[in-house]
Amino acid sequence: MNFVFDETRFKAVIFDFDGTLYDFKRLSLWLVAHAPWRTAKIGAERRTRRRLKGSDFGSKENYDDAFYGELAREMKITPEKAKKWYETFYTQHMVRVLKRHYRAREGVQNLLESLRAKSVKLAVFSDYPLVAERLSAIGLDSSSFDEVFAAGDIGGFKPSARLFQSVAESLGVEPSQCLVVGDRDDTDGAGARSSGMQFVQIRNHRMLKADAATFDHPLLTWEEFLASFKL
């Protein structure tokens with residue numbers, strides 16, 4: 001499916017982070033390689049997120065109770081210890097790994113500047129926290145965006161429709177005026193559709209052989225996506 005950015009239709013572009021603004025290939029391996037003694041706990045965090053995918057707890061407080069409670073059960077420790085591990089080690093560890101091994105995709109900054117010059121609102125919406133710090137780690141400044149959002153701060157996990165609607169509301173645009181750009185159809189795409197937004201999927205290393213003709217939304221390489229803007 002072809003895609004051409006229509007600036008008369010889209011008043012905001014909402015970017016996913018991992019796999020979209022940078023190629024996250026081998027991220028899991030690097031996270032483990034730089035902390036092999038934490039392999040079991042890193043695996044527990046990933047399993048917890050998979051189980052809670054799409055959950056909406058309504059608030060940051062309820063989200064924290066549910067997430068750290070589930071993570072604690074997976075790790076067989078107390079919620080307090082799970083929270084301490086996650087906030088003092090794991091999220092900081094992600095920032096360090098990104099800074100060491102990853103950079104933003106080519107052309108991202110030029111695209112952001114072009115869109116802002118056209119008064120298009122820009123946001124990053126990630127399932128993980130420390131969005132500004134992770135942007136900095138890959139060479140982007142959070143000031144390039146109007147807003148940055150972590151799903152947990154809104155009270156849930158992608159693809160909850162309320163979370164996507166909250167992002168649009170914070171940007172001051174209608175959901176129908178938002179373009180969501182992400183690499184996962186089951187989170188970014190599902191959230192976009194359920195909230196009335198348009199979705200463009202960026203091919204990641206797991207989607208290289210996928211037939212774009214079988215999708216009901218555009219499936220593009222990052223280079224094809226950039227070309228749709230005719231910068």
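**Close-up views of a predicted model**

**View 1. Lys158 and Pro159 in the loop between helix 7 and helix 8.** Pro159 is located in the loop between helix 7 and helix 8. In this predicted model, the peptide bond between Lys158 and Pro159 is cis, with omega about 10°. Most peptide bonds are trans. The side chain of Lys158 also forms a salt bridge with Asp188, where the closest N and O atoms are 2.8 Å apart. Because Lys158 belongs to the loop between helix 7 (151–154) and helix 8 while Asp188 belongs to helix 9 (residues 185–194), this salt bridge ties together parts that are 30 residues apart in sequence. Lys158 and Asp188 are both buried. Lys158 further lies over the face of Phe125, at 4.9 Å from the ring centre.

**View 2. The salt bridge between Glu7 and Lys118.** The N to O distance between the two side chains is 3.4 Å. Glu7 is in the segment before strand 1 (12–15) and Lys118 is in the loop between helix 5 (108–117) and strand 2 (121–126), so the pair ties together parts 111 residues apart in sequence. Glu7 is partly exposed, at 42% relative accessibility. Lys118 is also partly exposed, with a relative accessible area of 38%. In the whole structure, a search finds 16 salt bridges.

**View 3. The salt bridge between Asp56 and Arg162.** The closest N and O atoms of Asp56 and Arg162 are 2.7 Å apart. Asp56 sits in the loop between helix 2 (39–52) and helix 3 (60–75), and Arg162 in helix 8 (residues 161–171); the pair links distant parts of the chain, 106 residues apart. Asp56 is partly exposed at 34% relative accessibility, and Arg162 is partly exposed with a relative accessible area of 28%.

**View 4. Helix 2 and its surroundings.** Helix 2 contains 14 residues, and the distance from its first C-alpha to its last is 20 Å, close to the 20 Å expected at 1.5 Å a residue. Its buried residues are Ile42, Ala44, Glu45, Thr48, Arg49 and Leu52. They span an arc of only 155° around the axis and therefore lie on the same side of helix 2. An α-helix has 3.6 residues a turn, so residues three or four places apart point the same way. Ala40 and Arg50 are exposed on the other side of helix 2. Helix 1, helix 3 and helix 4 (79–101) are among the elements that cover the buried residues of helix 2. Gly54, just after helix 2, has a positive phi of about 85°.

**View 5. Two residues other than glycine with positive phi: Arg26 and Leu130.** Most residues other than glycine have a negative phi. Arg26 has a phi near 70° and lies in the loop between strand 1 and helix 1 (27–33). Arg26 is partly exposed, with 49% relative accessibility. Leu130 has a phi of about 55° and lies in the loop between strand 2 and helix 6 (131–137). Leu130 is partly exposed, with 24% relative accessibility.

**View 6. Aromatic pairs.** The structure holds 20 aromatic pairs. One of them, Tyr22 with Tyr102, is edge-to-face, at 5.3 Å centre to centre and 65° between the planes. Since Tyr22 is in the loop between strand 1 and helix 1 and Tyr102 is in the loop between helix 4 and helix 5, this pair ties together parts that are 80 residues apart in sequence. Tyr22 and Tyr102 are both buried. The pair of Trp85 and Tyr90 is stacked, at 5.1 Å centre to centre and 15° between the planes. Trp85 is buried at 7% relative accessibility, and Tyr90 is buried with a relative accessible area of 0%.

**View 7. The aromatic cluster that includes Trp85 and Tyr90.** One cluster is formed by Phe57, Tyr63, Phe67, Tyr68, Trp85, Tyr86, Phe89, Tyr90 and Phe157. Arg38 lies over the face of one of these rings, that of Phe89, at 4.0 Å from the ring centre.

Note on methods. Residues are numbered from 1 along each chain as its sequence is written. Side-chain values use heavy atoms; hydrogens and water are left out. A salt bridge is a side-chain nitrogen of Lys or Arg within 4 Å of a carboxyl oxygen of Asp or Glu. Helices (H or I, at least four residues) and strands (E, at least two) are DSSP runs, numbered from the N terminus. Buried means under 20% relative accessible area, exposed over 50%, partly exposed in between (1.4 Å probe, protein chains only). The expected span of a helix is 1.5 Å times one less than its number of residues. The arc is that of the directions from the helix axis to the C-beta atoms. Contact means heavy atoms within 4.5 Å. Rings of Phe, Tyr and Trp (its six-membered ring) pair if their centres lie within 6.5 Å; planes under 30 degrees apart count as stacked, over 60 as edge-to-face and the rest as tilted. A charge sits over a ring if NZ of Lys or CZ of Arg is within 6 Å of the ring centre and within 35 degrees of the ring normal.
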